[in-house]
Amino acid sequence: MMISSAFRKEMSQTEIGKTINYCYQCGTCAGICPAFRVNSNYNPRRLVEDILLGFKDKLLNDKNIWLCTTCHLCLEVCPQGVLVSEMLFDLRHMAVAIGNIPENIREEGVRVFNTGLNLPNNPAIARRRTKMGLKENLMTPNVEVIQTILKEVGFPKLIEKLPEEGGNE
Ligand code: SF4
Ligand code: SF4
């Protein structure tokens, strides 16, 4: 892989992305990251480093960019104000634009489009909810409204396998 400043410059076009230029690779983000704690293959400091080195293709094909829980703890602790998790959203958007979506994420997207929920109501979840003193089932969202919004932003085309027009599959 060739080191290049091109991707760093591309990322720096936005208010979020330009914060990357202040990263000095201290690793504080990795130290607090819950995703790193359970999976050492996932390391936000290393993802930022890959942007700095210009490894765009590697990043847009890296399943790790989908492992961030978006807890935003890294934003809270970064001494340099680098918007790490926000930048990961940008990377995901770029990956989706070229059709790089992990199958489980694609399936989740299809589920949200069809039901308005990213987790289906099922007996296992109902049991856990009851145990926690919650109503057995999640409320039923207004799928029609959700689909209207998702179609407006071009979601079916991005996620593929979904109809451009019409209701549930
Ligand atoms: S905490 Fe901030 S400065 Fe330190 S490695 Fe992470 S992004 Fe870079
Ligand atoms: S937002 Fe993502 S990268 Fe940041 S600490 Fe949470 S899981 Fe880790």
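In this predicted model, E160 is found in the segment that follows helix 11 (155–159). E160 counts as exposed because 11 other C-beta atoms lie within 10 Å, and a residue with 12 or fewer is classed that way. Although E160 and G99 are 61 residues apart in sequence, their C-alpha atoms are 8.8 Å apart in space.

Stepping back to the overall layout, the protein chain is divided into two parts: domain 1 spans 6–97, and domain 2 spans 103–159. The C-alpha centres of domain 1 and domain 2 are separated by 27 Å.

A good place to continue the tour is the interior. The largest nonpolar core is made up of 23 residues. Those with the most contacts inside this core are C29, C33, V48, V82, V84, M87 and L88. Two or more residues of the core are given by each of helix 1 (6–11), helix 2 (28–32), helix 3 (34–38), helix 4 (44–53) and helix 7 (84–97). Helix 7 provides the largest share, with five residues. As for V82, its contacts beyond the neighbours within four places in sequence are T19, I20, Y22, C23 and V48.

V82 also leads to the surroundings of ligand 1. There are 14 residues around this ligand, and those that come nearest are C23, C26, C29, C78 and V82. At least two residues of the shell are supplied by helix 2, and at least two by helix 4. In terms of character, the shell around ligand 1 holds nine nonpolar residues, four polar ones and one charged residue. V82 and C29 thus appear in both descriptions, being listed among the residues with the most contacts inside the core and among those nearest to ligand 1.

Key:
Residues numbered from 1 in each chain as written. Chains lettered and ligands numbered in written order. Predicted model: local features only at pLDDT ≥ 70, side-chain atom pairs only at ≥ 80, totals over all residues. Core = buried A, V, L, I, M, F, W, Y, C linked by C-beta atoms within 7 Å. Buried ≥ 20, exposed ≤ 12 C-beta atoms within 10 Å, placed from the backbone. Helix = DSSP H or I, 4+ residues; strand = E, 2+ residues; numbered from the N terminus. Contact = placed C-beta atoms within 7 Å. Domains from an automatic or database assignment. Near = placed C-beta within 6 Å. Nonpolar A, V, L, I, M, F, W, Y, C, P; charged D, E, K, R; others polar.
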